[in-house]
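Trainee: Please take one loop residue of this model and look at it closely. Then work outwards from there to the rest of the fold.

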Amino acid sequence: MKKELDEYLVKKYSKIFENRNASIKESCMAFGFDHSDGWVWILDHLCDSIQHYIDNNNKYRKLEDQISQVVADQVKEKFGYLNFYCHGGDRYTDGMIALAVVMSRNVCERCGTIENVGHTRGPWIFTICKDCYDKDERLAKENFIWTVNDSKIISANDSTKEMLQDIISWEKDLSEYESLETILRSKYKISKK
Ligand SMILES: [Zn+2]
């Protein structure tokens, strides 16, 4: 991931990414975010949801009942999914992470779009939109074949929007989803095809 995006996440969620600058022996976070830029907005909202949940709940809990801080151990792409390994948290934060992982399967890892997203077959599985695949000529040369998401996942695209709504907890109509996407794109400088 781009250095600026890496620094943005580490600075904004310093508790979650406290091991980002640890040594390789101490934490795999030393390797950084091992995926492309398109997933930054999933991580941003995931970490925002986790940190809000922990901070807000702990305000009202006795010391012995406090939710432990979620600390990332490794963040990477694997088989086309975002993988977020961590310690701390509880079953709610585990649920937030599970949702983010499912979402990543429907978001282009390169540009962050949810339009026309599929996967590569061949040497490696990437979650990538058709445009990003076409733009990167090396992929076809190296025998990566692009396939559209299967029907089950395509029909899940609408539910992806619902999932997005839940994880971001915004209270607007789904019809406003597009404008939100535009805001996120300009915020993270993710180009639209
Ligand atoms: Zn793309």
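Mentor: Gln69 sits in the loop that connects α2 (40-59) with β2 (71-78); helices (H or I, at least four residues) and strands (E, at least two) are DSSP runs numbered from the N terminus. The model is predicted, so local features need pLDDT of at least 70 and side-chain atom pairs count only at pLDDT 80 or more, while totals for chains, interfaces and linings use all residues. Residues are numbered from 1 along each chain as its sequence is written.

Gln69 counts as partly exposed because 18 other C-beta atoms lie within 10 Å. The cut-offs are 20 or more such atoms for buried, 12 or fewer for exposed and partly exposed in between, with C-beta atoms placed from the backbone. Leaving out residues up to four places away in sequence, Gln69 touches Lys15, Ile54 and Gly88; contact means backbone-placed C-beta atoms within 7 Å. Gln69 and Ile16 are 53 residues apart along the chain, yet their C-alpha atoms are separated by 7.3 Å.

One of those contacts, Ile54, leads into α2, where it is a buried residue. The others buried in this helix are Val40, Trp41, Ile42, Leu43, His45, Leu46, Cys47, Ser49 and Ile50. The 20 residues of α2 should span 28 Å at 1.5 Å a residue, and the end C-alpha atoms are 28 Å apart, so expectation and model agree. The expected span is 1.5 Å times one less than the number of residues.

The partner of α2 to look at next is α3 (91-104). α2 and α3 pack with their axes 10 Å apart and at an angle of about 170 degrees; axes are lines fitted to C-alpha atoms, for helices over the stretch in contact, and angles run from 0 to 180 degrees between N-to-C directions. The two helices are therefore roughly antiparallel to each other, a label for angles over 145 degrees, with under 35 roughly parallel, 65 to 115 roughly perpendicular and the rest oblique. On the α2 side, the meeting residues are Ile42, Leu46, Ser49, Ile50 and Tyr53. Tyr92, Thr93, Met96, Ile97, Ala100, Met103 and Ser104 face them from α3.

Ile42, Leu46 and Ala100 come up again in the largest nonpolar core, where, among 36 residues, they touch the most other members. Such a core is a set of buried Ala, Val, Leu, Ile, Met, Phe, Trp, Tyr and Cys residues joined through C-beta atoms within 7 Å. At least two residues each come from α1 (3-12), α2, β2, β3 (81-87), α3, β5 and α4 (130-135). α2 gives the largest share of this core, eight residues. Ile42 itself touches Leu82, Ala100, Met103, Ser104 and Val107, not counting residues up to four places away in sequence.

Beyond the helix pair there is an open sheet of three strands, ordered β5-β4-β6 with antiparallel pairing; strands pair if DSSP finds at least two bridges between them. β5 (127-129) and β6 (145-148) are the edge strands, each pairing on one side only. From one strand to the next, the twist averages 45 degrees. β4 (residues 117-121) and β6 run antiparallel and are joined by four bridges, and Arg121 stands opposite Ile145 in β6.

Also in β6 is Trp146, partly exposed because 18 other C-beta atoms are within 10 Å. Apart from neighbours within four places in sequence, Trp146 is in contact with Gly118, Thr120, Lys130 and Tyr133. Trp146 and Cys129 are 17 residues apart in sequence and 8.7 Å apart in space, C-alpha to C-alpha.

Two loop residues have backbone angles worth checking. Asn116, in the loop between α3 and β4, has a positive phi of about 55 degrees although it is not a glycine. Asn116 is partly exposed, with 15 other C-beta atoms within 10 Å. Asn143, in the loop between α5 (137-141) and β6, has a positive phi near 70 degrees and is likewise not a glycine. With 10 other C-beta atoms within 10 Å, Asn143 is exposed.

For the whole protein, the count is seven helices and six strands, in the sequence pattern α-β-α-β-β-α-β-β-α-α-β-α-α. Of its 193 residues, 29% are buried. Among contacts between residues at least 6 apart in sequence, 56% join residues at least 24 apart.

Notes. Contact = placed C-beta atoms within 7 Å.
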